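Open the model in your viewer and keep the selection box handy. We will go from stop to stop, picking a residue or an element each time and looking at what is around it.

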Amino acid sequence: MKILVTGAAGFIGFHVSQALLLKGYDVVGLDNINDYYDVRLKYSRLEQLGIKKQFLKKSNIISEHKKFKFIRADLEDIKVLSNLFKNEKFDVVCNLAAQAGVRYSITNPKAYVDSNLTGFINILECCRNNNIKRLVYASSSSVYGNTDKIPFSETANVDYPLSLYAATKKANELMAYSYSNLFGFETIGLRFFTVYGPWGRPDMALFLFTEAILNNKPIKVFNNGNHSRDFTYIDDIVNGVVKTITKESKNKNLYKIYNIGNGNPVNLMLFIEAIENKLKIKSEKIFLPMQPGDVKETFSDTKKIFNDYGYSPKISVSIGVENFIDWYKKYYKKL
């Protein structure tokens, strides 16, 4: 099986690519390596996959894994994307490339239109025109907005996104539905819930808190610490993604949407306490109001993906936080 993973230099895309390679699949990674956050982290992830920074200007690169090829490109570039699909003849496509971040979408909306809408329609068109049988793609728990129906179920109304980022993810689901319906290929949307762990994004809470505490700086605690999040460890996320890529579902509908979370929300103050316990440092906190586009609580109902794929998260927040901090200290000691 040959699999395209877009966003392969990103947090989830890197881990998914690595997991697929370890299982023996042929993987082609694509990423534009934009500067939304420190590109050194993206280059370092690619090095873990066998791609050296100095080779990234080449259009096609075989990595040290021998089963991994990397292409640096934008999803908006339909010519490059079309040629890639034509030449590589993928069996499955996993689209994890997207402009991420709720708050960034408020001040930089065009980046989300380009990547999350134009880029996604290009992926759909390439799947349609190249006989791709299965497209797995990243949606987000943000589509639920501030729903009061807890836990969040895939059957809930998601017509009220609180940010443009959330709106683009809802749009992706609708676009996928139309393509499954019109052109008869399987689309699987995964609503991720607050993913964290080693190699995580620098704009996420765990990274920001750890960095600030280790540098003796105060941390910003929004909504006065009254948030709760369904923090989901990266290994659990990857386990679910790989299952949807490589396994047949019990659900024979062509269009599928799944929550993929931990199913056990944690109060933000308890999450911070887990970080403090691992670092053995008490943080100074600046309590701030709710930010625009943010939600009070996330809580995934994962019965559907459990029933169809046997997905079951394993990693507790305490273990996950410890693993991240161990990685953070090791990684930044080398820089």
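Select serine 115 and show what it touches: leaving aside neighbours within four places in sequence, its contacts are Leu75, Glu76, Ala98, Gln99 and Phe120. This model is a predicted one, so bear that in mind at each stop. Serine 115 sits in helix H5, residues 109-129. With a relative accessible area of 15%, serine 115 is buried, because the cut-off for buried is under 20%. Now add aspartate 230 to the selection: aspartate 230 and serine 115 are 115 residues apart in sequence, and their C-alpha atoms are 26 Å apart in space.

**Stepping back**

Zoom out to the whole protein. Its secondary structure comes to 11 helices and 14 strands. The C-alpha trace spans about 55 × 45 × 40 Å along the principal axes. Why does a radius of gyration of 19 Å agree with a compact globule? For 335 residues, such a globule would have a value near 20 Å. Of the 335 residues, 54% count as buried. If you take contacts between residues at least 6 apart in sequence, 81% of them join residues at least 24 apart. Colour the surface next: the protein exposes about 15,200 Å², and carbon and sulfur atoms supply 50% of that area.

**The cavity**

How many cavities of 30 Å³ or more does a search of the whole structure find? The search finds 1, and its volume is about 50 Å³. To see the lining, select Phe11, Val195, Tyr196, Gly197, Gly200, Arg201, Met204, Leu206, Phe207 and Phe324. By class, this lining has 7 nonpolar, 2 polar and 1 charged residues. Strand E8 (195-196) and helix H7 (205-214) each supply at least two of the lining residues.

Stay here and select tryptophan 199, in the loop between E8 and H7. Tryptophan 199 is not a glycine, yet its phi is positive, about 70°. Is tryptophan 199 buried or exposed? Its relative accessible area is 12%, so tryptophan 199 is buried.

**Loops worth a click**

Asparagine 224 is another residue other than glycine with a positive phi, near 55°. Look for asparagine 224 in the loop between strand E9 (219-221) and strand E10 (228-229). Asparagine 224 is partly exposed, at 43% relative accessible area.

Next, select isoleucine 150 and proline 151, which are joined by a cis peptide bond with omega about -5°. Proline 151 lies in the loop between strand E6 (134-140) and helix H6 (164-183).

Move on to aspartate 294, in the loop between strand E14 (285-287) and helix H10 (303-309). Which residues does aspartate 294 touch, not counting those up to four places away in sequence? They are Arg103, Asn146, Leu162, His227 and Arg229. At 16% relative accessibility, aspartate 294 counts as buried.

Lysine 314 is in the loop between H10 and helix H11 (317-334). At 66% relative accessibility, lysine 314 counts as exposed. Add asparagine 262: lysine 314 and asparagine 262 are 52 residues apart in sequence but 8.2 Å apart in space, C-alpha to C-alpha.

**Last stop: H2**

Finally, select helix H2, residues 39-48, and pick out its buried residues: Leu41, Lys42, Tyr43, Ser44, Arg45 and Leu46. H2 is followed by glycine 50, which has a positive phi near 95°.

Conventions: Residues numbered from 1 in each chain as written. Predicted model: local features only at pLDDT ≥ 70, side-chain atom pairs only at ≥ 80, totals over all residues. Heavy atoms only, no water. 1 Å grid on protein atoms, 1.4 Å probe; cavity = no way out; pocket = protein on both sides within 12 Å on 5 of 7 lines; lining within 4 Å. Points joined across faces, edges and corners; volume = space filled by probe spheres on them. Helix = DSSP H or I, 4+ residues; strand = E, 2+ residues; numbered from the N terminus. Nonpolar A, V, L, I, M, F, W, Y, C, P; charged D, E, K, R; others polar. Rg over C-alpha atoms; globule rule 2.2 N^0.38 Å. Buried < 20%, exposed > 50% of the residue type's maximum accessible area, 1.4 Å probe, protein only. Contact = heavy atoms within 4.5 Å. Areas by Shrake-Rupley, 256 points an atom, 1.4 Å probe, with all protein chains shown as cover.
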